[in-house]
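Okay, thanks for squeezing me in. I want to walk you through a ligand site, so let me put the structure up first.

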Amino acid sequence: MIKVDLHSHSTVSDGLMTPRELVRHAAAQGVQVLALTDHDDVAGIGEAREAAAQAGLTLIAGTEISVSWRNRTLHILGLRIDPEHPALQQGLARIRESRLVRAQRIAEELAKIGIADSLEGARAQTAEGIISRTHFARFLIANGHAKDMKSVFKRYLVKGKPGYVQHAWASLEEAVAWILAAGGVAVIAHPGRYDLGKTLMGDLLAEFKQLGGAGMEVVSGSHHPDQYGQYALLARQFGLRASRGSDYHGPGHSYMDMGRLPDLPSQCEPVWHDWQEVLARAA
Ligand code: AMP
Ligand code: MN
Ligand code: MN
Ligand code: MN
């Protein structure tokens with residue numbers, strides 16, 4: 001099967017490689033089709049496109065939109081979007097502004113337990129892009145509050161722990177509408193990470209489909225291999241296509257390197273089944 005990876009991050013969001021470095025790394029790992037899906041931003045697409053043309057890789061323009069749904073945070077991928085589309089751009093700009101407010105509140109929470117200047121510390125971990133919990137996590141690790149990413153997200157920044165703040169992201173309806181307006185395909189990212197029971201997961205998939213959502217990640221760097229079959233089945237049941245993505249954030253910061261993901265289970269209909277630029281490569 002053609003090597004497709006439809007989920008990755010650059011320094012525009014919380015990845016460690018610039019868009020150019022990321023594309024080169026993907027190509028070196030044998031990835032043929034790569035989607036750049038930075039959190040709530042599309043600013044890396046231009047550079048990634050240029051690098052992809054040089055590396056002989058097919059780039060899919062994407063983004064990963066932060067959504068609040070029934071008191072939870074979900075991530076919705078927009079793939080094959082027009083990154084210039086005004087509705088999408090305005091929506092993402094609104095989320096990015098709200099990230100700044102949240103970052104201030106995170107810093108206030110951390111100050112309460114004696115961790116000072118974390119906003120400046122987190123900023124120092126960002127390149128030019130958004131500010132996220134990942135940057136706070138890197139600051140906390142750099143200052144000896146935790147040894148690695150895994151342990152920092154057990155002790156800080158998550159519900160019930162210091163540095164957690166509740167936040168209202170975009171609605172599911174808005175995120176899907178922006179993606180569709182921008183000519184893209186909406187895909188639920190890493191459904192296995194949301195800890196939804198069967199009923200809630202069913203509600204989500206039905207609502208997402210009804211809004212015009214097209215697919216869900218089945219093979220994901222954030223999924224345990226045991227989950228692939230389960231989500232392949234759910235995708236079929238709800239008439240959603242299947243996607244495949246590493247969710248790569250950079251060396252030492254990801255469960256899986258690019259180009260290492262297994263193929264989609266054979267019963268899946270890939271989300272790229274009618275994408276000409278992918279079919280051309282497979283031919
Ligand atoms: P934010 O969108 O600012 O809330 O930050 C979420 C990001 O934090 C995710 O995209 C991941 O990159 C990172 N993250 C969240 N939980 C974990 C975890 N348990 N281990 C590693 N990274 C995590
Ligand atoms: Mn991330
Ligand atoms: Mn995500
Ligand atoms: Mn991601």
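Right, let's start with H249: an N or O atom in its side chain comes within 3.0 Å of an oxygen atom of ligand 1. Keep in mind that what you're looking at is a predicted model.

How much of ligand 1 does the protein cover? On its own, ligand 1 has 490 Å² of accessible area, and the protein covers 83% of that. As for where it is, ligand 1 sits in the largest pocket. Two elements each give two or more residues to the shell around it, namely α3 (86-112) and α5 (133-142).

Back to the polar pairs for a moment. The side chain of R99 has an N or O atom 2.8 Å from an oxygen atom of ligand 1. Then there's D14, with a polar side-chain atom lying 3.0 Å from an oxygen atom of the ligand.

So who else is around? The full set surrounding ligand 1 is D14, H39, R99, R102, S132, R133, T134, F153, H249 and Y255. If you sort that shell by character, you get 4 charged, 4 polar and 2 nonpolar residues.

Last one, Y255. That residue is in the loop between β8 (241-245) and α10 (276-282). Is Y255 buried or exposed? Exposed, because its relative accessibility is 70%, and the cut-off for that label is over 50%. One more thing while we're on that loop: Y255 and G221 are 34 residues apart in sequence, yet their C-alpha atoms are 5.9 Å apart in space.

That's my bit, happy to rotate the view if anyone wants another look.

Terms used: Residues numbered from 1 in each chain as written. Chains lettered and ligands numbered in written order. Predicted model: local features only at pLDDT ≥ 70, side-chain atom pairs only at ≥ 80, totals over all residues. Heavy atoms only, no water. Near = heavy atom within 4 Å. Polar contact = N/O pair within 3.5 Å; in protein donor to acceptor, adjacent residues only side chain to side chain. Areas by Shrake-Rupley, 256 points an atom, 1.4 Å probe, with all protein chains shown as cover. 1 Å grid on protein atoms, 1.4 Å probe; cavity = no way out; pocket = protein on both sides within 12 Å on 5 of 7 lines; lining within 4 Å. Sits in = over half its atoms within 2 Å of the grid points. Helix = DSSP H or I, 4+ residues; strand = E, 2+ residues; numbered from the N terminus. Nonpolar A, V, L, I, M, F, W, Y, C, P; charged D, E, K, R; others polar. Buried < 20%, exposed > 50% of the residue type's maximum accessible area, 1.4 Å probe, protein only.
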